[in-house]
Amino acid sequence: MRYVAIGDSFSEGMGDERADGIPRGWADLVAAALGATDPQWRYANLAIRGRLLEPIVTTQLDAALAMSPPPTLISLNGGGNDMMRRGADLSHLVRLIEGAVERCEAAGVRLMVLSGADPSDHLPLGRVLRRRAEQLTEAVRELTARHGVLFVDCFGDAELRRAGYWSADRLHLNAAGHRRVAGLVLATLGVPGAEHRLDDTAAAARGLVVQARYYRQHVLPWVLRRVRGRSSGDGRVAKYPAWTSVS
């Protein structure tokens with residue numbers, strides 16, 4: 001089996017950094033679990049933070065399908081960065097995903113599509129983001145059912161909305177969140193007993209000082225990047241652009 005993850009920060013693993021600073025994330029955890037009993041198993045991760053959906057289903061998917069030997073499984077997640085921009089065209093995003101589905105079908109490669117986890121309870125203007133994400137998730141659910149493609153509904157997982165699964169920026173999952181997603185993916189792939197659930201029920205602090213620090217450290221830099229037309233992924237490359245094994 002040869003598995004490639006394509007997408008943005010969600011698939012790159014941002015928020016679950018190892019000691020060397022390289023993101024781990026749910027896709028690495030899935031790769032390690034699937035490859036635990038097969039020394040010939042291989043993995044690549046072409047996801048890069050900040051990427052919009054179009055370059056994911058063109059540049060990244062092109063690279064994935066061109067790998068030698070070709071992949072047997074590709075996971076796709078994207079659209080979150082598009083939905084955070086004004087005037088997001090959800091119908092266009094659905095068409096882009098359907099194009100990726102059709103390309104994988106033509107290549108004989110199994111595709112698995114994931115909806116992103118729902119951060120809207122913790123974000124400014126979260127209700128707007130949730131409304132858009134709900135519409136996209138339902139459209140993708142219908143699309144994947146029609147094509148017989150695997151679909152992992154992270155957005156609909158109520159457990160993942162708890163603050164304990166999110167990193168300090170409230171936009172990216174932390175290590176516990178990525179572990180939770182890995183369990184959802186493995187369950188979809190037929191691997192039993194991988195569910196992860198936090199025991200901690202403590203609520204996250206939301207005092208004025210905490211909120212002010214959050215806006216200064218995370219919201220303001222994001223706004224400045226948007227104003228300047230920059231992305232957190234500018235200049236970054238994929239962490240595993242070639243076949244590798246993950247322990």
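In the next few minutes I will go through the fold of this protein and then a handful of its residues, and I should say at once that the model is a predicted one.

Let me begin with the overall layout. The protein has 247 residues, of which 47% count as buried, and it holds eight helices and six strands. Read from the N terminus, these elements follow one another as β-α-α-β-α-β-α-α-β-α-β-α-α-β. If we take the contacts with a separation of 6 or more, 76% of them are between residues 24 or more positions apart. The surface that the protein exposes comes to about 12,000 Å², with carbon and sulfur atoms supplying 53% of it.

Turning to the helices, I would start with α2, residues 25–34, which is mostly covered, since seven of its ten residues are buried. Those buried residues are Gly-25, Trp-26, Ala-27, Asp-28, Val-30, Ala-31 and Leu-34.

The other helices I want to show are a pair, α3 (residues 53–65) and α5 (residues 90–107), whose axes come within 9 Å and cross at roughly 10°. Because angles under 35 degrees count as roughly parallel, α3 and α5 are therefore described as roughly parallel to each other. On the α3 side the contact is made by Leu-53, Glu-54, Val-57, Thr-58, Leu-61, Asp-62 and Leu-65, and on the α5 side by His-92, Leu-93, Leu-96, Ile-97, Ala-100, Arg-103, Cys-104 and Ala-107. Sorted by class, this contact of α3 with α5 comprises ten nonpolar, two polar and three charged residues.

After α3, please look at the loop that leads to β3 (73–76), where Pro-69 is found. The peptide bond from Ser-68 to Pro-69 is cis, with omega near -5°. For context, most peptide bonds are trans.

Now to some individual side chains. Asp-118 sits in the loop between β4 (110–115) and α6 (126–147). Why does Asp-118 count as buried? The cut-off is under 20% relative accessible area, and Asp-118 counts as buried because its relative accessibility is 2%. Its side chain makes a polar contact of 2.6 Å with the side chain of Ser-120, and another, of 3.2 Å, joins the side chains of Asp-118 and Arg-161. Setting aside residues up to four places away in sequence, Asp-118 touches Arg-130, Phe-155, Arg-161 and Trp-166.

His-172 lies in the loop between β5 (150–153) and α7 (175–188), and with a relative accessible area of 13% this histidine is buried. The side chain of His-172 makes polar contacts with two other side chains, that of Asp-169 at 2.6 Å and that of Ser-9 at 3.0 Å. Apart from neighbours within four places in sequence, His-172 is in contact with Ser-9, Met-14, Trp-166 and Ser-167. Trp-166 is thus among the residues in contact with His-172 and also among those that Asp-118 touches.

My last residue is Asp-38, placed in the loop between α2 and β2 (42–45). Is Asp-38 buried or partly exposed? With a relative accessible area of 27%, Asp-38 is partly exposed. The side chain of Asp-38 reaches the backbone nitrogen of Gln-40 at 3.0 Å. Finally, Asp-38 and Met-1 are 37 residues apart in sequence, and their C-alpha atoms are 8.7 Å apart in space.

Definitions and conventions. Residues are numbered from 1 along each chain as its sequence is written. This is a predicted model: local features need pLDDT of at least 70, side-chain atom pairs count only at pLDDT 80 or more; totals for chains, interfaces and linings use all residues. Side-chain values use heavy atoms; hydrogens and water are left out. Helices (H or I, at least four residues) and strands (E, at least two) are DSSP runs, numbered from the N terminus. Buried means under 20% relative accessible area, exposed over 50%, partly exposed in between (1.4 Å probe, protein chains only). A polar contact is a pair of N or O atoms within 3.5 Å; within protein, one must be able to donate a hydrogen and the other to accept it, and residues adjacent in sequence count only if both atoms are side-chain atoms. Contact means heavy atoms within 4.5 Å. Axes are lines fitted to C-alpha atoms, for helices over the stretch in contact, and angles run from 0 to 180 degrees between N-to-C directions. Angles under 35 degrees count as roughly parallel, over 145 as roughly antiparallel, 65 to 115 as roughly perpendicular and the rest as oblique. Ala, Val, Leu, Ile, Met, Phe, Trp, Tyr, Cys and Pro count as nonpolar, Asp, Glu, Lys and Arg as charged, and the others, Gly among them, as polar. Accessible areas come from the Shrake-Rupley method with a 1.4 Å probe; for residues, only the protein chains shown count as cover.
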